[in-house]
Amino acid sequence: MISIDFLASPNIDARSPDVDVGLIVIHAISLPPNRFGGPGVTQLFTNTLDPQEHPYYAGIHQLRVSAHFFIRRTGEVIQFVDPQMRAWHAGASSWRGRERCNDFSIGIELEGCDTLPFEAVQYELLADLLADLCERFPIEGITGHSDVAPGRKTDPGPYFAWGRLRRCLEALGCPQIAALIEPKGAPEELEASLMTWPFPVSGRPD
């Protein structure tokens with residue numbers, strides 16, 4: 001059973017009652033960019049980001065965005081939006097010819113960036129969360145933000161190991177959910193480079 005903390009985001013609205021949740025979108029985020037562990041992400045999703053706190057925040061503090069779940073590198077899982085409700089996570093997007101992915105998707109953010117590997121615990125918790133969500137909703141696909149908003153978004157980025165996520169799901173006895181993952185990811189012989197730990201101290205954000 002996953003331990004999940006709840007922190008309500010105001011950036012939500014109701015889904016159309018005739019729309020089934022059929023997609024899960026995997027994201028990555030760090031605030032400030034490439035820095036981990038601070039309150040920036042939770043502040044962004046709760047509209048409390050201080051534009052004076054960091055130069056980058058001056059350009060984003062007025063954004064109204066959210067995600068259903070956020071998985072920190074430490075293994076903490078925070079829920080901002082009930083999956084029955086619509087979170088504002090995907091923006092302009094399309095999947096299998098359907099526009100407005102927010103209408104029918106669940107957004108899961110991982111604390112990470114485009115230039116560093118993710119933590120092992122994040123894959124394990126993500127697999128657990130996917131297994132739970134796929135029991136509750138008629139999920140047809142699991143994909144990345146960059147796949148529903150190509151050219152506009154890059155997350156979860158080249159260091160996200162889709163093959164590792166598949167193996168975590170298979171280890172849980174959920175090969176049918178692993179089969180829903182759409183991005184192929186890196187070839188298996190290259191995937192080890194996406195999971196190399198520990199970094200030199202100078203290579204790890206504070």
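Helix 2, which covers residues 120–136, gives the most to the lining of the second largest pocket, with four residues. The model described here is predicted, and in it this pocket holds about 170 Å³ of space, while about 630 Å³ lies in the largest pocket. The count of disulfides comes to zero.

**Helix 2**

- Helix 2 is made of 17 residues, and from its first C-alpha to its last it reaches 25 Å, which is close to the 24 Å expected at 1.5 Å a residue.
- The buried residues of helix 2 include a set of leucines, namely Leu125, Leu126, Leu129, Leu130 and Leu133.
- Gln122, Tyr123, Ala127, Ala131 and Cys134 are also among the buried residues of this helix.

**The second largest pocket**

- The lining of the second largest pocket includes Met1, Ile2 and Ile4, together with Phe69 and Gln79.
- Asp128, Leu129, Asp132 and Arg136 also line this pocket, and Leu129 is one of the buried residues of helix 2.
- By class, the residues of this lining divide into five nonpolar, one polar and three charged.

**The largest pocket**

- The largest pocket, with about 630 Å³ of space, is lined by 27 residues, of which Ala28, Ile29, Tyr56, Lys153 and Asp155 are the closest to its centre.
- Strand 3, at residues 23–29, and helix 1, at residues 40–45, each supply at least two residues of this lining, and the largest share, three residues, comes from strand 3.
- Sorted by class, the lining of the largest pocket has 13 nonpolar, nine polar and five charged residues.

**Cysteines without a disulfide**

- Why does Cys101 form no disulfide? A disulfide needs two cysteine sulfur atoms within 2.5 Å, but the closest cysteine sulfur to that of Cys101 belongs to Cys134 and is 16 Å away, so it is too far for a bond.
- Cys101 counts as buried because its relative accessibility is 0%, and Cys134 in helix 2 is likewise listed as buried.
- For Cys113, the closest cysteine sulfur is that of Cys168, and at 19 Å it is too far for a bond.
- Cys113 is also buried, with a relative accessible area of 5%, which is under the 20% that marks the limit for a buried residue.

Definitions and conventions: Residues numbered from 1 in each chain as written. Predicted model: local features only at pLDDT ≥ 70, side-chain atom pairs only at ≥ 80, totals over all residues. Heavy atoms only, no water. Buried < 20%, exposed > 50% of the residue type's maximum accessible area, 1.4 Å probe, protein only. 1 Å grid on protein atoms, 1.4 Å probe; cavity = no way out; pocket = protein on both sides within 12 Å on 5 of 7 lines; lining within 4 Å. Points joined across faces, edges and corners; volume = space filled by probe spheres on them. Nonpolar A, V, L, I, M, F, W, Y, C, P; charged D, E, K, R; others polar. Expected span 1.5 Å × (residues − 1).
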